[in-house]
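Q: Got a minute to walk me through this one? I'd like to start with the surface.
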Amino acid sequence: MSTQKTIDEKTLENLLYLSRLSPDATDLATLKKQVDDIVGYFEILSKFDDSQNPYDAYPSTQADKLRDDAVVEGLDIPDVKKVSENFMDGYFQVPKVLGEGA
């Protein structure tokens with residue numbers, strides 16, 4: 001990363017202000033090197049910029065490819081009762097999932 005750009009002192013002061021860091025409590029040389037490294041990483045990433053189609057990374061859904069919203073017949077109650085022995089008054093009895101405090 002020897003060819004990377006560095007930030008100037010005014011930009012560093014603005015970053016300190018926006019991040020609510022005080023120059024007295026921060027080692028400015030270390031902070032400047034870290035910010036310069038971050039800027040360098042963005043320069044590396046910009047080499048791989050594919051601005052031909054910025055939406056390639058996001059899946060698209062077209063309304064005509066979705067399934068039809070068709071109402072279908074549900075199960076009859078006698079068929080539902082065959083699924084479990086613990087069916088009464090239109091409900092299934094199931095074991096407690098939560099503990100005593102629920």
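A: Sure, and one term up front: a patch here is built from residues with over 30% relative accessible area and no salt bridge, with nonpolar side chains joined within 5 Å. Keep in mind that this is a predicted model.

Q: OK, so which residues make the nonpolar surface patch?
A: Ile 38, Tyr 41, Phe 42, Ile 44, Leu 45 and Phe 48 make it, and the patch comes to about 680 Å².

Q: Take Ile 44 from that list. Where is it?
A: Ile 44 sits in helix 2, which covers residues 28–46.

Q: And why does Ile 44 count as partly exposed?
A: Because its relative accessibility is 36%, and partly exposed runs from 20% to 50%.

Q: How many residues does helix 2 have, and what does it span?
A: Helix 2 has 19 residues and reaches 27 Å from first C-alpha to last, close to the 27 Å expected at 1.5 Å a residue.

Q: Which residues of helix 2 are buried?
A: Leu 31, Lys 32, Val 35, Asp 36, Asp 37 and Gly 40 are the buried ones.

Q: What do they pack against?
A: Helix 1, residues 9–18.

Q: There are charged residues in that buried list. What does Lys 32 form a salt bridge with?
A: With Asp 36; the closest N and O atoms are 3.4 Å apart. Lys 32 and Asp 36 are both in helix 2, four residues apart, which is about one turn of the helix.

Q: Why do those two count as buried?
A: Lys 32 counts as buried because its relative accessible area is 19%, and the cut-off for buried is under 20%. Asp 36 is buried too, with a relative accessible area of 8%.

Q: And Asp 37, which residue does it form a salt bridge with?
A: Lys 33, with the closest N and O atoms 3.0 Å apart. Asp 37 and Lys 33 are four residues apart in helix 2, so about one helical turn separates them.

Q: Is each of those buried or exposed?
A: Asp 37 counts as buried at 19% relative accessibility, whereas Lys 33 counts as exposed at 51%.

Q: How many salt bridges does the structure hold?
A: Three. Besides the ones we've covered, Lys 82 forms a salt bridge with Asp 79, the closest N and O atoms being 3.8 Å apart. Lys 82 counts as exposed because its relative accessibility is 69%, and Asp 79 is partly exposed, with a relative accessible area of 36%.

Q: Switching to the inside. What makes up the largest nonpolar core?
A: Five residues in all: Ile 7, Leu 12, Leu 16, Leu 31 and Val 35. Helix 1 and helix 2 are the elements that give two or more residues to this core.

Q: Ile 7 caught my eye. What is it in contact with?
A: Leaving aside neighbours within four places in sequence, Ile 7 is in contact with Leu 12, Leu 15, Lys 32, Val 35, Asp 36 and Val 39. Lys 32 and Asp 36 in that list are the salt-bridge pair from helix 2.

Q: Zooming out, what's the secondary structure of the chain?
A: Three helices and two strands, in the pattern α-α-α-β-β along the sequence.

Q: How much of the chain is buried, and how much area is exposed?
A: Buried residues make up 13% of the 102 residues. The chain exposes about 10000 Å², with carbon and sulfur atoms supplying 56% of that.

Q: What about long-range contacts?
A: Of the contacts with a separation of 6 or more, 51% are between residues 24 or more positions apart.

Q: Now the strand end. Where is Asp 89, and what is its phi?
A: Asp 89 is in the loop between strand 1 (87–88) and strand 2 (91–92). Its phi is positive, about 55 degrees, although Asp 89 is not a glycine.

Q: Exposed or buried?
A: Asp 89 counts as exposed, because its relative accessibility is 69%.

Q: Last one: where is Asn 86, and what does it touch?
A: Asn 86 lies in the loop between helix 3 (77–81) and strand 1. Not counting residues up to four places away in sequence, Asn 86 touches Tyr 91, Phe 92 and Gln 93. Asn 86 is partly exposed, with a relative accessible area of 39%.

Notes. Residues are numbered from 1 along each chain as its sequence is written. This is a predicted model: local features need pLDDT of at least 70, side-chain atom pairs count only at pLDDT 80 or more; totals for chains, interfaces and linings use all residues. Side-chain values use heavy atoms; hydrogens and water are left out. Patches are made of residues with over 30% relative accessible area and no salt bridge: like charges are joined within 9 Å, nonpolar side chains (Val, Leu, Ile, Met, Phe, Trp, Tyr) within 5 Å. Accessible areas come from the Shrake-Rupley method with a 1.4 Å probe; for residues, only the protein chains shown count as cover. A salt bridge is a side-chain nitrogen of Lys or Arg within 4 Å of a carboxyl oxygen of Asp or Glu. Buried means under 20% relative accessible area, exposed over 50%, partly exposed in between (1.4 Å probe, protein chains only). The expected span of a helix is 1.5 Å times one less than its number of residues. Contact means heavy atoms within 4.5 Å. A nonpolar core is a set of buried Ala, Val, Leu, Ile, Met, Phe, Trp, Tyr and Cys residues joined through side-chain atoms within 4.5 Å.
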